[in-house]
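Colleague: I would like to learn how to read a structure of this kind feature by feature. Could we take the general idea each time, and then the case at hand?

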Amino acid sequence: MNTPSGELIVIRPSRGWIGLGALEMWKYRDLGYFLVWRDLKVRYKQTAFGAAWAVLQPVALMLVFSAFLGQIEGIGASAIPYPLFALSGLVPWTLFAQSLSGASNSLVNSQNLISKVYFPRLLLPLSAVASYVVDFLIASVVLVIAMLLFGRVPPATFLWVPILGLFTVVVALAVGLWLAAINVRYRDVKYAIPFLIQLWLFASPVAYSSGLVPETLRVLFSVNPMTGVIEGFRWAALGGPFPDTTIVVSAAATLAILVGGLAYFRRVERTFADTI
Amino acid sequence: MTDIAIRAEGLGKRYRLGQDQDPYGRLSEVLSGKFRAPFRRRAERHDDADFWALRDVSFEIPEGAAVGIIGRNGAGKSTLLKILSRITWPSAGSATLNGRVASLLEVGTGFHPELSGTENVYLSGAVLGMHHAEIRRYFDEIVDFSGIDPKFLNTPVKRYSSGMQVRLGFAVAAHLQSEIMMIDEVLAVGDIEFQKRCLGKMDEVTNSGRTILFVSHQLPMVASLCDRCMLMEGGRVVASGPTSEVIHRYQSGVNVNAASVEFPDEANRPGDGVVSLLSAWIESGAGERRFEYALVEPVRICLRYRVHERLKITPQPSLHVTDSSGNYVFVTSPHDWGDERGRSPGDYVAAVEIPGHFLNDGLYSVGVALNRFESGMETAFFEKGTLTFNIVDRIADNELRAVSRWGGRIPGVVRPLLHWQVEEEAR
């Protein structure tokens, strides 16, 4: 026999709030790593274009936006060619949209794991979100190439891109935790997500500049965390004034959604296996 | 450190029935329910819609013990295992597990069809709680145990046969380095050769001082692996003790009699709509249904089935007899199979007699099956381990045994009465 591990597990019903279980997640870090790795491996398996799909989506949207919306006077920022303006919004947007949908469906897609084996359930939305970071990195490289084509050398602020990518992921996770947990119980969520993402796209300054939003709606507009993310991303990639208030409001909103999402997730987590 | 590996105190699991518990509940239903009865309090809803899948279960399992959990479907066995493996939470009571736990409720947990054999070994290992380094250390052993040709390891498992998948899945699980192992019914899969290897591995695990909790319908398997047993009924533990006693109690219970099964309820009858199983039983030569037979006695196995429509080719019943280690002893079916006479709708009884002085003493399990041949071979039903019987070798019953000087158990699956000739050689 192996030397006793000295592990002691106590199982008892609990109705109150429970901690984050960070220690437990650390113990299962190898599983988290494998889940991300699995998602990456499987995503583009048996596809003809492979990882090119990571690029295709933002680029195709950029082309459509530029061809039609780009013709409207004053929709973008005057100093920036519209295709670059759109792409710099679409790169974080794609990361957000994919991570959100991945996280929201992560539990339901792993039904058989949840009902057959124990592990910290938070690993599922976490790993779903993490796996899209690779796509984001590829898309960021494409953004750099597009900038060079338009004769713009990435500024020093471009170093903020990874941090803003992380911000995007946290926003997606914050909302995704709520949706994933609700999805276990109500499959309506599954159908609502594509619709929600579509609505959200129009409510965020991806295709248009936030300057178009009337002053009176500004605060409400910034409560949408994606406003801060996209404006920040544009600042990092293309320069301009730093959107300080917007970022602060967006970050505060994200923090509130995230804390609530974590608490809700941990609270209903113990019934996942019974209701999924 | 205490020497108790698992301690359960008053464990209970309550499920709420009805709309509230609908697993695919729609938001609109809940909202409209709230509108229709906005002032109904939560507590009022519970009373009659509660169902206790597990109730007041307490026990202690010492370190290094192998304990079987038996009982009918719905007795709470799997719920208990799910609580102990932390998949679901108890509604009442508590449990303490002392040591690293691995639970195996399914073979090949976490397998992804698109990934290769190698990748799935790592993934499944991680899902079951192994660390990367551990998997790497045991990788060769795992592949070796699974018996899968290393040249297939880079092929996606979706191209594996189901047998290969099961073997690889079990091989990973067999190398879990845990002090407490909980296993649910998973050994009932795979081919016989592999099952045997799994049983060998399980024996090894038991002897290595690890604690095992084993849920199975296959009583002979429980008997061969576990020295102690718990019998569950209606969510409670109703008996516990040495395995043979508990199994006997289970089989002599009022409703439960593994020497005879009936399917009175049409909806739950095994079958494919064309032929269905009505009942199966084991009886003595004199037609007395019982569980225990003397080694010298013939044992008759019968099944009653209903043919619902006219069949052009005679369907073929068959019986699959396995011993307490899960080894196949034999499969038998009538000789006139594939017969073109066919069968008209009606009820049929098929019976076959195993002669006395044929099987050795021990616990045997019988699977009942029926195949149709209208278009290729189709299995109408195959109920594994449906019937169980015990052959005992009492010296009092067996004159021949009385003559022999050996008083201990005679090994072997069969104990045929063979004709011997012993003559003094002419000098």
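Colleague: Which residue is the bridge partner of A:Val10 in E4(B)?

Modeller: Keep in mind throughout that this is a predicted model. To read a pairing between strands, one looks for the bridges and for the sense in which the strands run. Here the partner of A:Val10 is B:Thr96, and that bridge belongs to an antiparallel pairing, over 4 bridges, between strand E1 (residues 8–11) of chain A and E4(B).

Colleague: How many residues of each chain are in contact where chain B meets chain A?

Modeller: An interface is read first by its residues, then by the elements that supply them, and then by their chemical class. In this case 46 residues of chain B are in contact with 32 residues of chain A. On the side of chain B, the elements that give two or more residues are helix H3 (77–84), strand E4 (92–98), strand E5 (101–104) and H4 of chain B, and E4(B) gives the most, with 6 residues. By class, this side of chain B has 20 nonpolar, 17 polar and 9 charged residues.

Colleague: Why is helix H4 (residues 117–127) of chain B largely enclosed by the rest of the structure?

Modeller: The way to read this is to go along the helix and ask of each residue whether it is buried, which here requires 20 or more other C-beta atoms within 10 Å of its own. Of the 11 residues of H4(B), 10 are buried, so the helix is largely enclosed by the rest of the structure; among them are B:Gly117, B:Tyr122, B:Leu123 and B:Val127. As a general background, an α-helix has 3.6 residues a turn, so residues three or four places apart point the same way. The next step is to ask what does the covering, and for the buried residues of H4(B) this includes helix H2 (29–43) and helix H5 (111–116) of chain A, together with helix H5 (132–146) and helix H6 (162–174) of chain B. Just after H4(B), B:Gly129 takes a positive phi of about 100 degrees.

Colleague: What is the order of the strands in the open sheet of chain B, and which of them stand at the edges?

Modeller: A sheet is read from one edge to the other. The open sheet of 5 strands in chain B has the order E12-E18-E17-E14-E15, with mixed pairing. Strand E12 (292–294) and strand E15 (328–332) stand at its edges, each with a single partner strand, so one side of each is left without a neighbour in the sheet. Neighbouring strands of this sheet are turned by 30 degrees against each other on average, direction ignored. At one of these edges, E12(B) is joined by 3 bridges to strand E18 (residues 378–392) of chain B, the two running parallel, and within E18(B) the bridge partner of B:Glu292 is B:Asn390.

Colleague: Into which domains is chain B divided, and how many residues of each are in contact with the other?

Modeller: One takes the bounds, and then treats the boundary between the domains as an interface within the chain. Chain B is divided into domain 1 (4–252) and domain 2 (260–392), and 13 residues of domain 1 are in contact with 14 residues of domain 2. On the side of domain 1, the elements that give two or more residues are helix H7 (192–207) and helix H8 (219–225) of chain B, with H8(B) giving the most, 5 residues. The residues of that side divide into 7 nonpolar, 5 polar and 1 charged.

Colleague: How many helices and strands are there in chain A, and with what radius of gyration?

Modeller: For a whole chain, one combines the secondary structure with the overall dimensions. Chain A has 12 helices and 1 strand, whereas chain B has 10 helices and 18 strands. A compact globule of 276 residues would have a radius of gyration near 19 Å, and chain A, with 20 Å, agrees with this. Buried residues make up 41% of the 276 residues in chain A, while 39% of the 427 residues of chain B count as buried.

Colleague: Is A:Met62 buried or exposed?

Modeller: For a single residue, one counts its surroundings and then names its contacts. A:Met62, in helix H3 (residues 53–67) of chain A, is buried, with 25 other C-beta atoms within 10 Å. Leaving aside neighbours within four places in sequence, A:Met62 is in contact with A:Pro83, A:Ala86, A:Leu87 and A:Leu90. A:Met62 and A:Ala207 are 145 residues apart in sequence and 8.6 Å apart in space, C-alpha to C-alpha.

Technical notes: Residues numbered from 1 in each chain as written. Chains lettered and ligands numbered in written order. Predicted model: local features only at pLDDT ≥ 70, side-chain atom pairs only at ≥ 80, totals over all residues. Buried ≥ 20, exposed ≤ 12 C-beta atoms within 10 Å, placed from the backbone. Contact = placed C-beta atoms within 7 Å. Pairing = 2+ DSSP bridges. Axes fitted to C-alpha atoms, helices over the stretch in contact; angles between N-to-C directions. Nonpolar A, V, L, I, M, F, W, Y, C, P; charged D, E, K, R; others polar. Rg over C-alpha atoms; globule rule 2.2 N^0.38 Å. Domains from an automatic or database assignment.
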